[in-house]
Structures are given as structure tokens and as C-alpha cells.
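Visitor: I would like to learn how to read a fold from a model. Please take me through a few features one at a time.

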Amino acid sequence: MNDSVESYEIVVVGAGAAGLATAKLLHDEGLSPLVLEAGPEPGAAWRDRYDRLRLHTPRLLSGLPGLRIPRRYGRWVARDDLIEYFRDYTAIHDLDVRVNCRVDRLEPSWVLHTSDGPIRADHVVVATGYNGIPFVPDWPGRGSFGGELVHSSQYRNPRPYAGKDVLVVGAGNSGAEIAHDVIDGGAARSRLSVRTPPQIVRRATLGIPAQLLGMAIRKLPPDWVDPFTMWQRKVAIPDLGDRGLPRPPHGVRTSFITTGTTPILDVGIVDAVKRGRVEVVAAVEGFEGADVLLADGSRITPDVVIAATGFRAGLDELVAGLDVLGPRGLPTKTDGEPALPGLWFVGFVPTLGGQLREGSIAAAKVAEALAAELAGRMQPVGRVDDDPDRVAGPDLAQ
């Protein structure tokens, strides 16, 4: 390799929350990582989320190491305020973030093939997150649909859908919020397609945020968690069975462990369904011209289908041939244990304890282990504990 190739001791791929936290904590160890961000600013992926978005975790539990989120942003931080916080975080901690630099492929030794040319590193920390690439199921007849079909990542606000019949597919947080948002914004009709009855919890109950419950789950005996969350839903969420959203037969813990999906945090969808403003319909099975075919045998003809069907990590091309991914396309070793000598992953473990908070905890594990290795005092690092609120990866199907 010629001498013109840039060389760094550590390169962090991705300037989202986990990447910035890792870089800051490495900086605290006297190291100077280069952070590469494909977008135009730190936390750029958040800019592509819908306008209405606010964090479901409270401000005091969502900050990154070394800087609290400002009080002026309120308890539930808005999308644009979070991006401003990331920008300030980068500047205050003097992090070396190179924006508009996409990493396409990673080769052993380690060479990063980027949009700015090759970069060589002794250690690479991949922090691109598990929401890398939008996923839309290959429904039969999808190409024949005569209406508009978009992924939820393309949704910004309800203005383009005013006066239209909208079907949102997928009963996660994004799907629930978009279905609510479009009807508030003047859609003629809003329907939410649901395959499996979702867990639903209040974002806060009696002022106590749902995130605290998620954090507590790992401390509670497993056989307590499901009964408690089932009781909590019964007293906090009205019975929506007659509206197409029956209570699941099990609690939050079982749902999370078996599917990797987090509960819907209610910021209006419960009332919208209860009042019939958002109609719940069966799962989508396919398309036939203008018709959407549902699992109960019925057909509907929406103008627009918004697929809130999740994401994939999109790591396959980046680490092709390295044999570091599991069957779901997520790293087999992460958060403090190197996948290969010199290759680390951080922020790829879904959690009920709040992704920003848990990403910071994972970043601390990576920074500590990597700094110890570089200092020549590396101790054996075990795999991430099998905490009951952490799983190998989400099932992102509808």
C-alpha cells in the first residue's frame, strides 16, 4: 500500500449515538479516533425520521457520556433538538468527525474503502446501528399495486396524504405514530395492518417513564415480569379487542425475547383506535392491482400503503467475507468483545432499557477494552451477559 493512504490508530464508522459515545470515551483514554459519517452531520440518520418524532425515553436518561441533554429541550426530546445535541456534543468534546464519508467495504488489516478513498486503521469500531437499510417484504403482486407504496423511512409529515385513504403496515412504534399522524393531518382514512397483537404501554404512568420498567426487567425474577406487565396493561390501557387490538396472551418480556420487538409506547394511538379514527385491519398477504389482500380474506383499496416494516442492519457488504455476522445479519460478538482482532461492533443489541442509554453503556465496554488492549494490559473479555432485556436482534417483519 502506498504512503499516500491515510492511516489512523482507531476509526469509528458511524457518528450516531453509539459512535459518538465511543469516540468520546476513547478520547478520555488519551486516544484520538477518527469518526466517519456517511451523512452531512453527526446523527444524520435522525434527520431522515418523521417530523413528529420525539424520543420515547426521557431527557435525563437519554444523554451521552459527559454531557446532559439541555433542560430547554423538555422531557421528551424532539428530533431536531436531538440532532442539535449531537452537533454540540461533537464540538464540546472536540471529536474528529468527518461527514459525507461513506464506508463501503472493510478489508482485513484493516483497510476501509470509503467515498474519500482508502483509509488504513489498526482498529475499527463499527457503530452504524441495526436500522441501516429499510426493509419492505416481498409481498406477492407488490409490483402490480396501482397506488403509492413507500417505506416508513420516506415518511416526513402528513401533508402529502391529506384527503387520501392510507394503510400503514406494521404495528411497531413508527407504524402506530404514522397512522395517528396521518389522520391528525387530514387523511380521509387511516388503517393500521397488524399481524400479531402488539404490546402497548403508556410512555409514562403517574409520571414514571416506561423506560424505567425496561431497565428494571433485568433485575426482576423472570416469572414476575410477564404477570406484572400484563396487569399494568390491564389497568392502564383500555380493552381494544373489539377494535382489532386484543391483549396478547403473554407479557412484555416474552414478546421481546421471542421476537425482539419492543412495545408500542402510546403517544396517542390508543385513543385514536378507541375512537375509530385509526382502524385496525388484518395482516397484508399480497397485492392485486389496486387491491391489498389481507390475511382474513378481505380486500381493501387504499391510495397509499406506508410499510412500517422495519430495517436491516445492512452490514453484509461492509464486512463481506469476514464471517462475523449471525443469521439475522447482526454481529455475533459486540459491545466489548472484538469480533476479530482489531474489529469491534457497538450499538447492535436491541433493548428495553432505552437505546441511547444502552448504547452508551456498550460504548464504555468497547472503549475500556480497546484502551486496555492498546495499553498492553488486555484482560479476557466475556460475552455480553444474557440480560433478559437484550436479545441477539429484532424480528423486523410486520
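Guide: What follows goes from the whole chain to two sheets and then to one residue. Keep in mind that this is a predicted model.

Visitor: How many helices and strands are there in the chain?

Guide: The chain holds nine helices and 21 strands. It has 398 residues, of which 53% count as buried. About 17,600 Å² is exposed, and carbon and sulfur atoms supply 50% of that area.

Visitor: What share of the contacts comes from residues 24 or more positions apart?

Guide: Among contacts with a separation of 6 or more, such residues account for 70%.

Visitor: Now the sheets. In what order do the strands of the five-stranded sheet lie, and is the pairing parallel or antiparallel?

Guide: Sheet order is read across the strands, and it need not follow the numbering; here the order is β8-β19-β9-β10-β15, in an open sheet with parallel pairing. The edge strands, β8 (148-151) and β15 (278-281), each pair on one side only. On average, neighbouring strands of this sheet are turned by 25 degrees against each other, direction ignored.

Visitor: Which strand pairs with β8, and over how many bridges?

Guide: The partner is β19 (residues 304-307), joined to β8 in the parallel sense over four bridges. To place the register, find E148, which stands opposite V304 in β19.

Visitor: Which strands does helix α4 lie across?

Guide: Helix α4 (residues 173-184) lies across β9 (165-169), β10 (189-193), β15 and β19. Its direction is at about 170 degrees to β10.

Visitor: What is the strand order in the three-stranded sheet?

Guide: That open sheet has the order β16-β17-β18, and its pairing is antiparallel. β16 and β18 are the edge strands, each pairing on one side only.

Visitor: How many residues lie between β16 and β17 in their hairpin?

Guide: There are two residues between them, and G289 in the turn has a positive phi of about 65 degrees. Four bridges join β16 (residues 284-288) to β17 (residues 291-294). One pair to look for is F287 with its bridge partner V292 in β17.

Visitor: And how many residues lie between β17 and β18?

Guide: This hairpin has four residues between its strands, and G297 in the turn has a positive phi of about 90 degrees. Two bridges join β17 to β18 (residues 299-300), which run antiparallel. Here L293 has R299 in β18 as its bridge partner.

Visitor: Last, a single residue. Why does H151 count as buried?

Guide: A residue counts as buried under 20% relative accessible area. H151 is at 4% relative accessibility, so it counts as buried. This residue lies in strand β8, one of the edge strands of the five-stranded sheet.

Visitor: Which residues does H151 touch, leaving out those up to four places away in sequence?

Guide: H151 touches P134, F135, V136, I306, A307, T309, G310 and F311.

Visitor: Which backbone oxygen lies 2.8 Å from a polar atom of the H151 side chain?

Guide: That is the backbone oxygen of G310, a residue also found among those that H151 touches.

Methods
Residues are numbered from 1 along each chain as its sequence is written. This is a predicted model: local features need pLDDT of at least 70, side-chain atom pairs count only at pLDDT 80 or more; totals for chains, interfaces and linings use all residues. Side-chain values use heavy atoms; hydrogens and water are left out. Two strands pair if DSSP finds at least two bridges between them. Axes are lines fitted to C-alpha atoms, for helices over the stretch in contact, and angles run from 0 to 180 degrees between N-to-C directions. Contact means heavy atoms within 4.5 Å. Buried means under 20% relative accessible area, exposed over 50%, partly exposed in between (1.4 Å probe, protein chains only). Accessible areas come from the Shrake-Rupley method with a 1.4 Å probe; for residues, only the protein chains shown count as cover. A polar contact is a pair of N or O atoms within 3.5 Å; within protein, one must be able to donate a hydrogen and the other to accept it, and residues adjacent in sequence count only if both atoms are side-chain atoms.
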